[in-house]
Amino acid sequence: MDKVLDSPAHAVEDIPDGAALAVGGFGLCGVPSTLIGALVEAGTTGLRVVSNNCGVDDWGLGLLLRAGRIARMTSSYVGENKEFARQYLSGELEVELTPQGTLAERLRAGGSGIPAFFTPAGVGTQVEEGGLPWRYTADGGVAVASPPKETREFGGRRYLMEEAISTDFALVRAEVADRHGNCVFHATARNFNPLCAGAGRVTLVEADRIVEPGAIPPDAVHLPGIYVDRVVAADPDDRRIERRTVRTDPRRR
């Protein structure tokens with residue numbers, strides 16, 4: 001089945017207001033910026049987004065955030081986005097902060113049909129006890145707080161239960177995809193993209209290169225096409241470097 005569509009706009013046109021999205025990326029690596037840009041143009045709003053982080057102020061998910069299109073974020077790290085902090089602290093945005101490994105496992109579980117699991121991460125902290133601010137009021141009070149989590153003991157050690165994450169759609173960026181949706185990711189881009197792809201009921205992939213079926217050796221496939229519903233070409237020039245470091249050549253002193 002050929003899953004390649006003619007444009008990113010076509011790929012995202014049925015994502016409704018209020019949809020839940022799992023969005024790949026780790027820092028600024030592997031961010032599906034082409035599909036995000038198409039969502040910005042579509043005007044889709046009220047989105048509930050699950051992603052490791054929320055981009056930066058002027059790129060990636062930061063564009064949807066700046067436009068006021070995201071209602072809720074589930075993330076593990078948000079430190080690079082000033083607008084994110086402003087919206088959260090002013091009560092405009094609901095935020096569920098989740099330990100990074102727990103977030104990865106919640107997504108993996110969602111894609112594997114596992115409804116919940118037990119983990120030691122967060123035991124004995126406010127993650128277990130509840131009360132973490134998910135949404136503030138405009139005057140700094142807590143409008144919505146995290147609930148307490150169920151705990152159980154295994155082998156003499158206490159664990160808390162985390163629920164899996166499944167979303168309506170997933171947006172993913174691959175280095176290479178074939179027309180059947182089989183994908184290969186480059187380096188750090190592999191951290192969250194395959195997990196998000198599995199968690200989405202409908203998965204959209206943008207790829208730097210689209211190749212014919214059979215061009216990717218079976219042993220090289222990171223994400224099988226069974227998880228992918230749509231493939232589009234990524235904008236090859238829409239990339240960011242998180243921190244550019246230039247070393248001075250000692251011979252030029």
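## Rings, strands and empty space

Phe26 is partly exposed, with 25% relative accessible area. This is a predicted model, and Phe26 is a handy way into it. Altogether there are 4 aromatic pairs here. One of them joins Phe26 to Phe192 in a stacked arrangement, with 6.2 Å from centre to centre and 15° between the planes. Phe26 sits in the loop between strand 1 (20-23) and helix 2 (33-42), while Phe192 belongs to the loop between strand 11 (183-184) and helix 7 (193-199), so the pair ties together parts that are 166 residues apart in sequence. Phe192 has a relative accessibility of 4%, so it counts as buried.

Another of the pairs is Phe154 with Tyr159, and this one is edge-to-face: the centres are 5.7 Å apart and the planes make an angle of 70°. Phe154 is partly exposed at 35% relative accessible area. Tyr159, at 19%, is buried; the cut-off for that label is under 20%. Phe118 joins these two, and Phe118, Phe154 and Tyr159 make up one aromatic cluster.

Phe118 leads on to strand 5, which covers residues 116-119. Which residues of strand 5 are on its covered face? Phe117 and Thr119 are, whereas Ala116 and Phe118 are on the uncovered one. In a regular strand, side chains alternate between the two faces of the sheet. So the Phe118 ring that takes part in the aromatic cluster comes from the uncovered face of strand 5. Strand 5 pairs with strand 9 in the antiparallel sense, over 4 bridges. Within that pairing, Thr119 stands opposite Leu160 of strand 9.

Now for the empty space. A probe the size of a water molecule, rolled over the atoms, shows where such space is left. The count gives 2 cavities of 30 Å³ or more, and there are open pockets to look at too. Here are the two cavities and two pockets side by side:

| Space | Volume | Lining by class |
|---|---|---|
| Largest cavity | about 100 Å³ | 6 nonpolar, 2 polar, 4 charged residues |
| Second largest cavity | about 50 Å³ | 3 nonpolar, 6 polar, no charged residues |
| Largest pocket | about 350 Å³ | 9 nonpolar, 3 polar, 8 charged residues |
| Second largest pocket | about 290 Å³ | 8 nonpolar, 3 polar, 6 charged residues |

What lines the largest cavity? Its walls include Glu96, Leu97, Thr98 and Pro99, along with Arg106, Val127, Leu132 and Trp134. Ser146, Pro147, Lys149 and Glu162 are also part of that lining. The second largest cavity has Gly24, Gly25 and Gly27 in its lining, together with Val31, Ser51, Asn53, Cys54, Gly55 and Leu61. No charged residues turn up there.

The largest pocket has 20 lining residues, and those nearest its centre are Arg72, Glu96, Arg106, Ala164 and Ile165. Glu96 and Arg106 are familiar from the lining of the largest cavity. Strand 2 (47-50), strand 3 (70-75) and strand 9 (157-163) each put at least two residues into the pocket lining. Strand 9 is also the antiparallel partner of strand 5.

As for the second largest pocket, 17 residues line it, with Leu28, Cys29, Gly30, Ala189 and Arg239 nearest its centre. Strand 10 (residues 167-178) gives the largest share of that lining, at 3 residues.

Arg106 also belongs to helix 5, where it is buried. That helix runs over residues 100-112, 13 of them, and reaches 18 Å from first C-alpha to last, close to the 18 Å expected at 1.5 Å a residue. Buried along with Arg106 are Thr102, Leu103, Ala104, Leu107, Ala109 and Gly110. Just past the helix, Gly113 takes a positive phi of about 75°.

One last stop is Val56, in the loop between strand 2 and helix 3 (61-66). Is Val56 buried or exposed? At 15% relative accessibility, Val56 counts as buried. Ala164, one of the residues nearest the centre of the largest pocket, is 108 residues away from Val56 along the chain, and their C-alpha atoms are separated by 27 Å.

Conventions. Residues are numbered from 1 along each chain as its sequence is written. This is a predicted model: local features need pLDDT of at least 70, side-chain atom pairs count only at pLDDT 80 or more; totals for chains, interfaces and linings use all residues. Side-chain values use heavy atoms; hydrogens and water are left out. On a 1 Å grid over the protein atoms alone, a cavity is a set of points where a 1.4 Å probe fits but cannot get out, and a pocket is an open set with protein on both sides within 12 Å along at least five of seven lines; lining residues have an atom within 4 Å of a point. Grid points are joined across faces, edges and corners, and a volume is the space filled by probe spheres set on the points. Ala, Val, Leu, Ile, Met, Phe, Trp, Tyr, Cys and Pro count as nonpolar, Asp, Glu, Lys and Arg as charged, and the others, Gly among them, as polar. The expected span of a helix is 1.5 Å times one less than its number of residues. Buried means under 20% relative accessible area, exposed over 50%, partly exposed in between (1.4 Å probe, protein chains only). Two strands pair if DSSP finds at least two bridges between them. Rings of Phe, Tyr and Trp (its six-membered ring) pair if their centres lie within 6.5 Å; planes under 30 degrees apart count as stacked, over 60 as edge-to-face and the rest as tilted.
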